[in-house]
Amino acid sequence: MTYKETIDYLFKSAPVFEKVGASAYKPGLETTMALDKHLGCPHHAFKTIHVAGTNGKGSVSHTLAAILQAAGHRVGLFTSPHLVDFRERIRVNGEMISEQEVIDFVAQHRSFFEPRHPSFFELTTAMAFWYFKEQKVDIAVVEVGLGGRLDSTNIITPILSIITNISFDHTQFLGHTLEMIASEKAGIIKNGVPVVIGEANEQTRPVFARMAFERRAPIIFAEDDKIVVGNLGKDSDNPAYVVDLDVNEGKRYGKNRVAYELRGYYQEKNANTIFWACEVLRKNGWIKGLGEIREGFAHVCEMTGLVGRWQRLQEHPTVICDTGHNVGGWEYLNVQLKRQSCRTMRIVFGMVDDKDIDTVLGMLPQQATYYFTQASTHRAIPSTRVAEKAAAHGLHGMHYPTVAEAYYAALADATPDDFIFVGGSSYVVADLLETLIIED
């Protein structure tokens, strides 16, 4: 099979959550463990860092991978979903798995996995661990797909676990209270393995503390003792953080400026989580100091291929896209949009059907022109329905059947002093980026 035929085969033979939603979700680790055993338990061949959370886990995973690369390690990175190319999910030192290696994996192992009907994510997880072993990585940063306790990635025993934050998302699988969701994500906490919690509240903190106590896992609540003590620029388009850590062993960083390539108001809390993770990694010898950390922060996109996080696509008019797709993400995006100074704000917006669209619409700026759309996934809410729901919240604009049409309509209407935002769903951003790549 060609690469395209192989990817088509994977999409058609294994249920893909990103495409079909709930019917693709397979809780439990039995299939993953069977695949792993068949492949020779490749996840035992390298160290891992496990990253869970409702929002921010992609940014944290990519930045930690960049920092570890800067420290001289060969680093695997497993993330999801992909935006344009399936191979974005599996990288070593920023380089995607090759098309031929995807072809070879499927050809060599399909006779084993076909009768077991794995989900797309189970199969992708197995492929990632196999590839990391083949590539002799020193360490892999592994992002949880959904939840934690029953996620396919949870066969690993990492050297560090991270839970970025908890908010309402995928409630049909993880539970309808923050405590229930936190309990599922806390399932990645392992016996004796340090865990960093990025953000917690009165509902989630006791869940994390109890699980860490039961498993004798050292726990750090990052927001209790901030290493990132301020944003020097106060400008989300040029984030530069002040870091400061003074502990018993002596001052390690002092007050230093660390520029972060990732844009976005929400990245300040991610940065603090990352610094605490780096403290754990520094103690066990994986990184040495601020120089490696600064390098990773400053060049994370270049070093890992990350896109879609408050990404500036052009100037005059300014065009920004962001993959924030749930209420927790929009709590930060809403603040950021309000900070923009422009003649007219134009928002290309769409969501998928398992998100709380009404709450998100209630957070969007009233003084904006809207271009409602739908991504090329069966889970997309039809653009006509998005427009109807938006009108009930006082948001008005035209609706378009594709992201490309909505985007080009916004671009045609814009003056050089306008601001265009594209988002609401990872799939909206994916469609936009794919359109722009095809044009190039």
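Me: Before I look at anything else, what does "buried" mean here?
Reply: A residue is buried when its relative accessible area is under 20%; over 50% it is exposed, and in between it is partly exposed. Keep in mind that this is a predicted model. With that cut-off, 60% of the 440 residues of the protein count as buried.

Me: How many helices and strands should I be looking for?
Reply: You'll find 17 helices and 19 strands in the protein. The radius of gyration is 21 Å, close to the 22 Å from the globule rule for 440 residues, so the protein is as compact as a globular protein of that length. If you'd like a box around the C-alpha atoms, it is roughly 55 × 55 × 40 Å along the principal axes.

Me: What share of the contacts links residues 24 or more positions apart?
Reply: Counting contacts with a separation of 6 or more, that share is 73%.

Me: And the outside: what is the accessible surface of the protein?
Reply: About 17,700 Å², and carbon and sulfur atoms hold 49% of that. As for charge, there are 44 positive and 53 negative ones, and their mean positions lie 5 Å apart.

Me: On to pairs of charges. How many salt bridges does the structure hold?
Reply: First the general idea: side chains of opposite charge can pair when their charged atoms come close. In this structure there are 11 salt bridges. Let's walk through some of them.

Me: Where do Asp-8 and Lys-4 lie?
Reply: Both sit in helix H1 (residues 3-13), 4 residues apart, which is about one turn of the helix. Their closest N and O atoms are 3.0 Å apart, and the two form a salt bridge. Asp-8 is partly exposed at 26% relative accessible area, while Lys-4 is exposed at 58%.

Me: Arg-346 and Asp-418: are they buried or exposed?
Reply: Both are buried. They too make a salt bridge, with the closest N and O atoms 3.0 Å apart. Arg-346 belongs to strand E16 (residues 345-349), and Asp-418 to the loop between helix H16 (403-413) and strand E19 (419-423), so this pair ties together parts that are 72 residues apart in sequence.

Me: Which parts does the salt bridge of Asp-358 and Lys-389 tie together?
Reply: The side chains meet at 3.2 Å, N to O. Asp-358 is in helix H14 (residues 357-361) and Lys-389 in helix H15 (residues 383-392), so the bridge joins parts 31 residues apart in sequence. Asp-358 is partly exposed, with a relative accessibility of 34%. Lys-389 has a relative accessible area of 19%, so this residue counts as buried under the 20% cut-off.

Me: Let's try a residue outside that set. Where is Arg-257?
Reply: Look in strand E13 (residues 256-259). Arg-257 is partly exposed, at 45% relative accessibility. Now compare sequence with space: Arg-257 and Arg-294 are 37 residues apart along the sequence, and their C-alpha atoms are 8.7 Å apart.

Me: One more, please. Which residues is Trp-130 in contact with, leaving aside its neighbours within four places in sequence?
Reply: They are Leu-39, Pro-42, Glu-101, Phe-105 and His-109. Trp-130 itself lies in helix H6 (residues 120-134) and is buried, with 12% relative accessible area. For another sequence-and-space check, take Trp-130 and Val-196: 66 residues separate them along the chain, and their C-alpha atoms are 27 Å apart.

Technical notes: Residues are numbered from 1 along each chain as its sequence is written. This is a predicted model: local features need pLDDT of at least 70, side-chain atom pairs count only at pLDDT 80 or more; totals for chains, interfaces and linings use all residues. Side-chain values use heavy atoms; hydrogens and water are left out. Helices (H or I, at least four residues) and strands (E, at least two) are DSSP runs, numbered from the N terminus. The radius of gyration is taken over C-alpha atoms; the globule rule is 2.2 Å times the number of residues to the power 0.38. Buried means under 20% relative accessible area, exposed over 50%, partly exposed in between (1.4 Å probe, protein chains only). Contact means heavy atoms within 4.5 Å. Accessible areas come from the Shrake-Rupley method with a 1.4 Å probe; for residues, only the protein chains shown count as cover. Lys and Arg count as positive and Asp and Glu as negative; His and the chain ends are not counted. The place of a charge is taken as NZ of Lys, CZ of Arg, CG of Asp or CD of Glu. A salt bridge is a side-chain nitrogen of Lys or Arg within 4 Å of a carboxyl oxygen of Asp or Glu.
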